[in-house]
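Me: I'd like a close look at one part of this model. Please start with the strands I ask about and then work outwards.

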Amino acid sequence: MELPELTILGRQMRKEIVGKRVYEVGIANPKCLNMTFEQFRKTVVGKTIKSVESRGKWLFIKLNSHQLLFNPGMGADVIHFESNDKLPEKYQIKFDLEDGTGFTIRVWWFCYLHLMPEKKLGEHKLTAKLGITPLDKRFTLDYFKQLLSQKRGNIKSFLLDQKNIAGIGNVYVQDILFNAKLHPKRKIPSITDTEIGVLHKSIKSVLNESIELGGLAYEKDFYGNKGGYGKAQYKIAYKPGKPCPACQTTIQKIKTGSTSSFICPTCQTLDK
Ligand SMILES: [Zn+2]
């Protein structure tokens, strides 16, 4: 789950759960908590959900004087239920709200579900240094240029580092770089102003297109519906061996540090 999926989930959760009180909570994988389950339960039960905001790959669920911080890790199905609905077969986390509705969470691999007093939010190491998201009004071209001017590493690592920009992961970054004709290993100081302009636009257009289509095709939204952004929308992402949509060169899969990258070796050259 990256920014589009969390943005959509945040919107839908806002509509369904804000203003409701937590009646009960069940958690089968207490390792995702930053405290014992008993402490967590004692703090959460009886609290009213005041707001739900998404920021990058995190959801901030405000409960009176606390913030519940959720990060789905590799992915999670966060599914809403009404009082008579059949629950999903598998889930590890369940929130019951006092009106009989609620939501379950099935975590694919690991997740974070951290509770912080509002006043101590700045002490939460994983979110305190999050950058602004590309959909934030403050994410202007000037802001982006300024951010890049202080960096020397490669562009892909920069885009994936949540402290720089919050919300881009290894799925969307592929076409974001392809649109800007940038090789993932391109060193930031060598990138021209024109290229930065195209990259800035590409970040917004790729993420916004996915939001319009309901997010990634293999992820579910709050109502259990899958998104519409899949292989048909990908340009070079996860298409090794296929022709580049711009120049027909065969798309390659390469290693870039700990992540895989998909590139068109003609459109995204390194020797600039
Ligand atoms: Zn190409």
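In what sense do β3 and strand β4 (residues 66-71) pair, and over how many bridges?

Reply: They pair in the antiparallel sense, over five bridges. A word on the ground rules: this is a predicted model, so local features need pLDDT of at least 70 and side-chain atom pairs count only at pLDDT 80 or more, while totals for chains, interfaces and linings use all residues. Residues are numbered from 1 along each chain as its sequence is written. Helices (H or I, at least four residues) and strands (E, at least two) are DSSP runs, numbered from the N terminus, and two strands pair if DSSP finds at least two bridges between them.

Within the β3 and β4 pairing, L59 has F70 as its bridge partner in β4, and I61 has L68. The hairpin of these strands has two residues between them, and N64 there takes a positive phi near 45°.

On the other side, strand β2 (residues 49-55) runs antiparallel to strand β3 (residues 58-63), joined by six bridges. R55 finds its bridge partner in W58 of β3. This hairpin also has two residues between the strands, with G56 at a positive phi near 60°.

Put together, you get an open sheet of four strands in the order β2-β3-β4-β8, paired antiparallel. β2 and β8 (112-117) are at the edges with a single partner strand each, so one side of each has no neighbour in the sheet. On average, neighbouring strands are turned by 20° against each other, direction ignored. Packed on this sheet is α1, which touches β2 and β3 and makes about 170° with the direction of β2. Axes here are lines fitted to C-alpha atoms, for helices over the stretch in contact, and angles run from 0 to 180 degrees between N-to-C directions. Contact means that two C-beta atoms, placed from the backbone, lie within 7 Å.

α1 turns up again at the domain boundary. The domain assignment, automatic or from a database, gives domain 1 (3-128) and domain 2 (141-263), with centres 28 Å apart, taken over C-alpha atoms. Where they touch, domain 1 gives 17 residues and domain 2 gives 18. On the domain 1 side, α1 (3-17) and β5 (76-81) are the elements that give two or more residues. The largest share of that side, nine residues, is from α1. By type, the domain 1 side has seven nonpolar, five polar and five charged residues; Ala, Val, Leu, Ile, Met, Phe, Trp, Tyr, Cys and Pro count as nonpolar, Asp, Glu, Lys and Arg as charged, and the others, Gly among them, as polar.

F70, the β4 partner of L59, leads on to the core. The largest nonpolar core has 61 residues, and F70, I176 and I236 touch the most other members. Such a core is a set of buried Ala, Val, Leu, Ile, Met, Phe, Trp, Tyr and Cys residues joined through C-beta atoms within 7 Å, where buried means 20 or more other C-beta atoms within 10 Å of a residue's own, exposed means 12 or fewer, and partly exposed is in between. Its largest share, six residues, again comes from α1. The core lies between domain 1 (3-128) and domain 2 (141-263), because both give residues to it. Leaving out residues up to four places away in sequence, I176 touches L159, I168, S202, I203 and V206.
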